[in-house]
Structure formats: C-alpha cells, structure tokens
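Open the model in a viewer and keep the selection tool at hand. The stops below say what to select next and what is there.

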Amino acid sequence: MALFLKKIRQSAEIFQVTDTSNMLGAGLNIISNGMLVLKELGLENEIIENGSIVKDGVFKNAKDSRLAKFRFTNLKKYQSPAVNIKRKALHRILLDKLNEENIPIHFNKKLSGIR
Ligand SMILES: Cc1cc2nc3c(=O)[nH]c(=O)nc-3n(C[C@H](O)[C@H](O)[C@H](O)COP(=O)(O)OP(=O)(O)OC[C@H]3O[C@@H](n4cnc5c(N)ncnc54)[C@H](O)[C@@H]3O)c2cc1C
C-alpha cells in the first residue's frame with residue numbers, strides 16, 4: 001500500500017507494532033493475481049528469481065488421498081505465474097524496495113487511532 005501511494009506521489013509511513021520485521025514462517029504461495037500486483041511495483045522478476053514458479057497444486061487429506069488438483073499458473077489468463085517464495089525472502093525484497101523509495105518504517109509503534 002505504501003509503495004502504491006508513493007507511485008501516485010502521496011507520502012506514506014509504516015508503523016509496525018513489533019520491534020522488527022517478522023521474518024518468521026515458511027514458504028508463501030503468491031498466486032497470479034498477487035503477482036500482478038507485485039509486477040506493478042516492478043518486483044515480479046526479483047520474486048521469481050528468489051522463489052519457484054508453481055505450475056500445479058494438489059490438496060491431499062491426512063491419509064494421502066488426493067482431494068483436488070488444480071492449475072496454479074495460467075499465463076494465458078493472468079500473464080504472471082504463481083510463485084512460492086520463503087516469507088523471509090519476500091520480506092527482504094519488500095523492505096529493500098521501501099528503503100529504495102525512502103518510505104520510513106517505524107518499529108515498536110502501535111497505531112492507536114486515525115484522525
Ligand atoms: C499458516 C499460514 C499459511 C499461509 N499461507 C499463505 C499462502 O501460501 N499464500 C497466501 O496468499 N496467504 C497465506 N496465508 C495468509 C496470509 O498470511 C494473510 O492473508 C496475510 O498475512 C494477511 O495480511 P495482512 O497485511 O492483512 O495482515 P498481517 O500479515 O497480519 O499484517 C498485519 C501487521 O500489522 C501489525 N499490527 C497489528 N496491529 C497493529 C497496530 N495497532 N499498530 C501497528 N502495527 C500493527 C502486525 O504486527 C502485522 O505485522 C497464510 C496464513 C497462515 C496463518
């Protein structure tokens with residue numbers, strides 16, 4: 001959001017209640033519509049380079065029986081692939097972009113209201 005505001009020349013600052021950017025967590029699947037948003041910010045290639053394109057997905061139950069299979073990447077329809085990336089890598093890419101755009105992030109700051 002802050003990066004899009006910057007694109008339309010509106011200033012933005014980020015307030016984060018925690019004391020650091022949360023780098024915890026495993027992989028994150030960004031499906032094509034999410035990738036299209038990130039493409040608008042010029043981040044598509046960097047995300048693909050740091051992740052893996054996901055072509056198909058299979059849902060299984062605890063007994064390993066297949067419940068459903070579906071296509072994640074449909075380039076004809078969405079022009080961007082679905083990508084699986086570590087949360088830490090995605091955070092780093094976004095933080096670098098915020099830094100590049102001089103958008104300040106204030107850690108340890110709790111939003112208590114909007115005037
Ligand atoms: C196990 C798991 C796996 C998932 N896998 C996927 C996946 O593969 N693909 C996918 O698209 N989605 C996935 N999701 C969902 C995804 O993580 C969430 O939809 C997404 O993080 C929501 O983003 P958000 O910005 O709305 O909220 P959050 O990510 O929760 O961000 C809110 C932020 O605001 C901060 N905050 C809260 N209150 C205040 C305050 N008063 N002042 C300042 N800061 C504050 C919090 O610290 C936090 O950093 C998964 C979720 C889980 C739990």
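Which residue in β5 is the bridge partner of D56? Select D56 and look across to β5: the partner is R71. Before going further, note that this is a predicted model.

**Stop 1: the β4 and β5 hairpin**

Select residues 56-60, which are strand β4, and then residues 66-71, which are strand β5. The two strands run antiparallel and are joined by five bridges. Besides the pair already shown, F59 has A68 in β5 as its bridge partner. Together β4 and β5 make a hairpin, with five residues between them. In the turn, select D64, where phi is positive at about 70°.

How many of the six residues of β5 are buried? The count is zero, and β5 is hardly covered. β4 gives a similar entry: none of its five residues is buried, and this strand is hardly covered.

Stay with the hairpin and pick A62, in the loop between β4 and β5. Is A62 buried or exposed? A62 counts as exposed because it has 5 C-beta neighbours inside 10 Å, and a residue with 12 or fewer is classed that way. Now draw a distance from A62 to L24, C-alpha to C-alpha: the two lie 25 Å apart in space and 38 residues apart in sequence.

**Stop 2: the whole chain**

Clear the selection and show the protein chain as a cartoon. It has five helices and seven strands. From the N terminus, their order is α-β-β-α-α-β-β-β-α-β-α-β. The radius of gyration of the chain is 17 Å, well over the 13 Å that the globule rule gives for 115 residues, so the chain is more spread out than a compact globule. Along the principal axes, the C-alpha atoms fill a box of roughly 50 × 35 × 25 Å.

Colour the chain by burial next. Of its 115 residues, 10% count as buried. Among the contacts with a separation of 6 or more, 75% are between residues 24 or more positions apart.

**Stop 3: helix α2**

Select residues 32-40, helix α2. Which of its residues are buried? They are S32, M35 and L38. These residues lie on the same side of α2, because they cover an arc of only 110° around the axis. Turn to the other side of the helix to find N33 and E40, which are exposed.

What do the buried residues of α2 pack against? Show β2, α3 (44-50), α4 (75-78) and β6 (82-86), the elements they pack against. Then step just past the helix to G42, which takes a positive phi of about 75°.

From the packing partners, pick K77, which is found in helix α4. K77 is exposed, with 9 other C-beta atoms within 10 Å. A distance drawn from K77 to D19, C-alpha to C-alpha, comes to 40 Å, and 58 residues separate the pair in sequence.

**Stop 4: the ligand**

Select the ligand and show its surroundings. Nine residues surround it, and the closest are V17, L28, N29, K110 and L111. Which elements give two or more residues to this shell? They are β1 (14-16) and β2 (27-30). Colour the shell by class to see four nonpolar, four polar and one charged residues.

**Stop 5: two positive phi values**

Most residues other than glycine have a negative phi. Two residues to select here have a positive value instead.

Start with R9, in the loop between α1 (2-7) and β1. Its phi is near 60°. R9 counts as exposed because it has 6 C-beta neighbours inside 10 Å.

Then go to N108, in the segment after β7 (105-107). The phi of N108 is near 65°. With 10 C-beta neighbours inside 10 Å, N108 also counts as exposed.

Terms used:
Residues numbered from 1 in each chain as written. Predicted model: local features only at pLDDT ≥ 70, side-chain atom pairs only at ≥ 80, totals over all residues. Near = placed C-beta within 6 Å. Helix = DSSP H or I, 4+ residues; strand = E, 2+ residues; numbered from the N terminus. Nonpolar A, V, L, I, M, F, W, Y, C, P; charged D, E, K, R; others polar. Rg over C-alpha atoms; globule rule 2.2 N^0.38 Å. Buried ≥ 20, exposed ≤ 12 C-beta atoms within 10 Å, placed from the backbone. Contact = placed C-beta atoms within 7 Å. Arc of directions from axis to C-beta. Pairing = 2+ DSSP bridges.
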